[in-house]
Amino acid sequence: MDISAAKRRIDTIPAPALFVLSGISIYVGAAVAVWLFEASTPAGVAWLRCLGAAVILLAWRRPGRAAWRGRPLLLAGTFGVVTALMNVVYYEAIARLPLGTATAIEFVGPVLVAALGSRTKRDFAALALVVAGVLAIADVQWSGSPAGVAFALAAAAAWAGYIVLGKKVALGGNGIDSLAVGFAVATVVLSPLALGTGGVWAEPDLLLLGIGVGLLSTVVPYGLDQVVLRRVGQARFAVLLALLPVTATLVGLVVLRQVPALTEALGILAVVCGVLLRSRGSDESVREPP
């Protein structure tokens with residue numbers, strides 16, 4: 001199958017389905033990242049994730065000279081650095097707070113973008129359902145450390161920036177080539193974080209796991225994000241991101257036999273209803289770039 005045929009087939013997949021696939025890849029990658037925390041700092045693992053993504057994308061796409069200069073370089077580089085910093089502060093947050101708490105706080109970012117992009121009562125009703133559902137699923141506990149909360153809030157801000165910049169990259173950049181350039185720039189800019197990865201370089205299998213985190217948690221899901229961002233507006237994209245905690249719960253049920261409590265089940269239902277409600281509304285028209 002040629003690339004254009006594959007692209008047409010991907011474009012026929014509903015956005016929620018793409019987010020489920022993206023979420024599965026993210027959480028498998030997160031499980032691998034946890035194994036690396038014993039040999040590297042959280043920020044170091046985030047840098048390895050960025051390095052792995054850059055290596056894979058550059059080997060695959062091999063961006064041309066035009067992608068490495070002028071506005072394309074600035075746009076892609078900014079996007080890559082913001083995305084990498086989002087991963088850094090999120091890993092630092094989950095090193096200090098329960099995963100559910102950090103995740104719930106981080107969702108302030110996409111929910112804020114969705115609120116700013118809202119136009120109708122349907123939007124606000126959908127956002128209310130999503131917020132209630134995410135809070136119920138995450139079972140937020142505000143007993144964590146102040147530093148952990150600060151890192152989670154920083155991750156929320158970076159996530160909002162990722163949505164806005166991701167839209168610009170999807171429409172005005174060079175697609176996956178821009179991702180390759182962006183992560184390469186971020187790897188260089190954040191290279192001081194490599195000092196926290198000393199234990200990984202002594203073990204080839206751990207280094208391979210670090211590259212794998214880049215593939216599972218960055219290349220696959222962010223590549224899918226670029227497909228979706230060309231087809232939907234920022235507000236709907238932000239609401240669809242609420243499918244991620246739902247996907248995490250389902251993965252826990254199937255893989256880890258973690259049966260959700262009644263509150264969590266109600267939260268899942270609220271998120272799904274919010275996504276369906278927002279999906280029924282009209283969205284801004286977005287043309288795919290040539």
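The paragraphs below lead through this predicted model, from its overall make-up to particular helices, a loop and a surface patch.

The protein is built from 14 helices and zero strands, so that reading along the sequence gives the pattern α-α-α-α-α-α-α-α-α-α-α-α-α-α. Of its 290 residues, 48% count as buried. The accessible surface comes to about 13,700 Å², and 68% of that area belongs to carbon and sulfur atoms. Among the contacts with a separation of 6 or more, 89% are between residues 24 or more positions apart, and several of the places described below show such pairs in detail.

A good place to begin is the interior. The largest nonpolar core has 71 residues, and those with the most contacts inside it are Tyr162, Phe183 and Phe237. Leaving aside residues up to four places away in sequence, Tyr162 touches Phe79, Val82, Thr83, Met86, Tyr222, Asp225 and Phe237, and Phe237 is thus both a partner of Tyr162 and one of the residues with the most contacts inside the core. As a general background, nonpolar side chains in soluble globular proteins tend to be buried together.

Helix 9, which spans residues 176-189, can be followed through two of its residues. Asp177 has its place in this helix and is buried, because its relative accessible area of 16% falls under the 20% limit. When residues up to four places away in sequence are not counted, Asp177 touches Arg61 and Pro63. Val185 is also found in helix 9, and, with the neighbours up to four places away again set aside, Val185 touches Leu73, Gly77 and Val81. Val185 and Val81 are 104 residues apart in sequence, yet their C-alpha atoms are 7.1 Å apart in space.

The two partners of Asp177, Arg61 and Pro63, lead to Arg62, which is found in the loop between helix 3 (42-61) and helix 4 (70-94). Is Arg62 buried or exposed? Arg62 is exposed, because its relative accessible area of 69% is over the 50% limit. Arg62 also has a positive phi of about 50°, although it is not a glycine.

Helix 6 (residues 108-116) shows how burial can be arranged around a helix axis, its buried residues being Gly109, Pro110, Val113 and Ala114. Why do they lie on the same side of helix 6? They do so because they cover an arc of only 135° around the axis. In general, an α-helix has 3.6 residues a turn, so residues three or four places apart point the same way.

Helix 7, covering residues 121-138, contains Val134, which is buried with a relative accessible area of 5%. Val134 and Ala104 are 30 residues apart in sequence, while the distance between them in space, C-alpha to C-alpha, is 6.4 Å.

The last stop is on the surface, where Leu250, Leu253, Val254 and Val259 make a nonpolar patch of about 380 Å². One of these residues, Leu250, has its place in helix 13 (residues 243-255). With a relative accessible area of 47%, Leu250 counts as partly exposed, because this value lies between the 20% limit for buried residues and the 50% limit for exposed ones.

Methods. Residues are numbered from 1 along each chain as its sequence is written. This is a predicted model: local features need pLDDT of at least 70, side-chain atom pairs count only at pLDDT 80 or more; totals for chains, interfaces and linings use all residues. Side-chain values use heavy atoms; hydrogens and water are left out. Helices (H or I, at least four residues) and strands (E, at least two) are DSSP runs, numbered from the N terminus. Buried means under 20% relative accessible area, exposed over 50%, partly exposed in between (1.4 Å probe, protein chains only). Contact means heavy atoms within 4.5 Å. The arc is that of the directions from the helix axis to the C-beta atoms. Patches are made of residues with over 30% relative accessible area and no salt bridge: like charges are joined within 9 Å, nonpolar side chains (Val, Leu, Ile, Met, Phe, Trp, Tyr) within 5 Å. Accessible areas come from the Shrake-Rupley method with a 1.4 Å probe; for residues, only the protein chains shown count as cover. A salt bridge is a side-chain nitrogen of Lys or Arg within 4 Å of a carboxyl oxygen of Asp or Glu. A nonpolar core is a set of buried Ala, Val, Leu, Ile, Met, Phe, Trp, Tyr and Cys residues joined through side-chain atoms within 4.5 Å.
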